[in-house]
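User: I'm new to this one and would like to know what the terms really rest on. Could you take me through it, starting with the empty space inside?

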Amino acid sequence: MTSVFLIPKDHYSSVKDDVEALITKSIKLSDGRDDFATVWNELQRTHQQLWMVFDSENKPIAALLTSIKAYALKRMFLLQWLGGEDMDDWLGRLLDTLAAFAKANSCAGMEIVGREGWKRALRDRGWEANLVVCTKYFDEEAVKETRDAA
């Protein structure tokens, strides 16, 4: 059985190494937009939330950063930098926990920007892919190097 926890800010330093190990792959797939240091600094200085999933032996197996985005007409709960192992074992429980948190914070829904695989992982859970992110890089070689490093 897995457990999902919202990590209090005053405990961030005690989980930093685990979080880094879990989300670094996700960050590396961002085409050089961020690295762990920038993500960690942003987490500490803003109103983002840090969530972790633990297995039955209290081993951290997933980490996720979230935030509440106030658009002009509604609030949405954003899921960012998710990483972990054995996702099929905990994704449903994580999404249920996040949905309850989002509703309690007056969010109209949840959203994630990610790779194509998220469409498959989320489709059977009531999510739909209704937007596309398109990019054009001016230094394709730098992007290639970043992707190859991931």
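User: Which elements each supply at least two residues of the lining of the largest cavity?

Analyst: This is a predicted model, and in it those elements are β4 (75-84), α3 (91-104) and α4 (117-123). The largest share, three residues, comes from α3.

User: What makes a space a cavity rather than a pocket?

Analyst: The test is whether a 1.4 Å probe that fits there can get out: in a cavity it cannot, while a pocket is an open set of points. The structure holds one cavity of 30 Å³ or more, and the space in the largest cavity is about 30 Å³.

User: Which residues line the largest cavity?

Analyst: Here's the full list: Leu79, Leu82, Leu91, Leu94, Leu95, Ile112, Trp118, Leu122 and Trp127.

User: How many of the residues in that lining are nonpolar, polar and charged?

Analyst: Nine are nonpolar, with no polar and no charged residues. Leu, Ile and Trp all count as nonpolar, so a lining made up of Leu79, Leu82, Leu91, Leu94, Leu95, Ile112, Trp118, Leu122 and Trp127 falls into that class.

User: Let's pick one of them. Why is Leu79 called buried?

Analyst: Leu79 has a relative accessible area of 5%. Buried means under 20%, so Leu79 earns the label. Its place is in strand β4.

User: What does Leu79 touch, not counting residues up to four places away in sequence?

Analyst: Quite a list: Leu64, Leu65, Thr66, Leu95, Leu98, Met110, Glu111, Ile112, Val113 and Trp127. Contact here means heavy atoms within 4.5 Å. As for Leu131, which is 52 residues away from Leu79 along the chain, the two C-alpha atoms are separated by 15 Å.

User: Now the open space. What do we know about the largest pocket?

Analyst: About 1800 Å³ of space lies in the largest pocket. The elements giving two or more residues to its lining are α1 (12-28), β4, β5 (109-112) and α4. β4 gives the most, with eight residues.

User: How many residues line that pocket, and which lie nearest its centre?

Analyst: There are 44 lining residues, and Ile112, Val113, Gly114, Arg115 and Trp118 lie nearest the centre. By class, the lining has 22 nonpolar, ten polar and twelve charged residues. Ile112 and Trp118 may ring a bell, as both also line the largest cavity.

User: Why is Thr2 counted as buried?

Analyst: Thr2 has 10% relative accessibility. The cut-off is under 20%, so Thr2 counts as buried. Thr2 lies in the segment before β1 (3-7). Leaving aside neighbours within four places in sequence, Thr2 is in contact with Val53, Phe54, Asp55, Ile61, Asp89, Trp90 and Arg93.

User: What about the other end of the scale: why is Ser106 called exposed?

Analyst: Ser106 has a relative accessible area of 56%. Exposed means over 50%, so Ser106 qualifies. You'll find Ser106 in the loop between α3 and β5, with a positive phi of about 60° although it is not a glycine. Asp86, in the loop between β4 and α3, also has a positive phi, about 55°, and is not a glycine either.

User: How do you know that Ala129 is exposed?

Analyst: Set its relative accessible area of 57% against the cut-off of over 50%, and Ala129 counts as exposed. Ala129 is in the loop between α4 and α5 (140-149). The C-alpha atoms of Ala129 and Trp118, eleven residues apart along the chain, are separated by 8.8 Å.

User: Let's zoom out. How do you know that the radius of gyration agrees with a compact globule?

Analyst: With 150 residues, a compact globule would have a radius of gyration near 15 Å, and the protein has 16 Å, which agrees. Taken along the principal axes, the C-alpha atoms fill a box of roughly 45 × 35 × 30 Å. Of the 150 residues, 35% count as buried.

User: And what is the secondary structure, from the N terminus on?

Analyst: The protein has five helices and five strands, running β-α-α-β-β-β-α-β-α-α. Among contacts between residues at least 6 apart in sequence, 60% join residues at least 24 apart.

How values were computed. Residues are numbered from 1 along each chain as its sequence is written. This is a predicted model: local features need pLDDT of at least 70, side-chain atom pairs count only at pLDDT 80 or more; totals for chains, interfaces and linings use all residues. Side-chain values use heavy atoms; hydrogens and water are left out. On a 1 Å grid over the protein atoms alone, a cavity is a set of points where a 1.4 Å probe fits but cannot get out, and a pocket is an open set with protein on both sides within 12 Å along at least five of seven lines; lining residues have an atom within 4 Å of a point. Grid points are joined across faces, edges and corners, and a volume is the space filled by probe spheres set on the points. Helices (H or I, at least four residues) and strands (E, at least two) are DSSP runs, numbered from the N terminus. The radius of gyration is taken over C-alpha atoms; the globule rule is 2.2 Å times the number of residues to the power 0.38. Buried means under 20% relative accessible area, exposed over 50%, partly exposed in between (1.4 Å probe, protein chains only).
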